[in-house]
Amino acid sequence: MRYDTEVLFVKEVEGGYSPELGKWVQGSKKVTSRMANVTDLGAEKSRLFFGEVRNFHKVIRLRNPYLESWSYAVISEREYIEKKSSQSRHKSSFIVGEN
């Protein structure tokens, strides 16, 4: 299995009033890059998980666990949101759909 696709995990932080600073702060984005194995979700698995066959789902597999929260992932300049995830001691897997 090749981990040859760059995936950007983006966490959006909303802006608002900060009582510590005493002023309004703008929202920000935290971007984390990881190399991953990215494949399309097959028709049989798509029907099993979602009850329908769609070509817009992908499977992201990482060598190491990714435990941070994220808002969306960017693969080849397209945004995907998390549908399902699986974490083990040694790996992480995510099923994502187009945003």
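1. Two strands pair if DSSP finds at least two bridges between them. In this predicted model, strand E6 (residues 72–75) and strand E7 (residues 78–87) are joined by 3 bridges and run antiparallel. One residue contact can be named here: Ala 73 has Tyr 80 in E7 as its bridge partner.

2. E6 and E7 form a hairpin with 2 residues between the strands. Within this hairpin, Ser 76 has a positive phi near 50°.

3. E6 also pairs with strand E1 (residues 5–13): the two run antiparallel, with 3 bridges between them. Leu 8 has Val 74 in E6 as its bridge partner.

4. How are the two faces of E6 covered, and by which residues? In a regular strand, side chains alternate between the two faces of the sheet. Tyr 72 and Val 74 are on one side of E6, Ala 73 and Ile 75 are on the other, and all are buried. Val 74 is thus described twice: as the partner of Leu 8 and as a buried residue of E6. Likewise, Ala 73 is the partner of Tyr 80 and is buried.

5. Turning to charged side chains, the count of salt bridges comes to 3. In one of them, Glu 68 meets Lys 30 at 3.0 Å, N to O. This pair links distant parts of the chain, 38 residues apart: Glu 68 is in the loop between strand E5 (57–62) and E6, while Lys 30 is in strand E4 (residues 28–40). Buried means under 20% relative accessible area and exposed means over 50%. Glu 68, at 37%, is therefore partly exposed, and Lys 30, at 45%, also counts as partly exposed.

6. Another salt bridge is formed by the side chains of Asp 40 and Lys 58, at 2.6 Å, N to O. Asp 40 lies in strand E4 and Lys 58 in strand E5, so far as the chain is concerned a link between distant parts, 18 residues apart.

7. Arg 78 forms a salt bridge with Glu 98, and their closest N and O atoms are 3.3 Å apart. Because Arg 78 lies in strand E7 and Glu 98 in strand E8 (residues 92–98), the pair ties together parts that are 20 residues apart in sequence. Is this pair buried or partly exposed? Arg 78 has a relative accessibility of 47% and counts as partly exposed. Glu 98 is partly exposed as well, with a relative accessible area of 30%.

Key
Residues numbered from 1 in each chain as written. Predicted model: local features only at pLDDT ≥ 70, side-chain atom pairs only at ≥ 80, totals over all residues. Heavy atoms only, no water. Buried < 20%, exposed > 50% of the residue type's maximum accessible area, 1.4 Å probe, protein only. Helix = DSSP H or I, 4+ residues; strand = E, 2+ residues; numbered from the N terminus. Salt bridge = Lys/Arg side-chain N within 4 Å of Asp/Glu carboxyl O.
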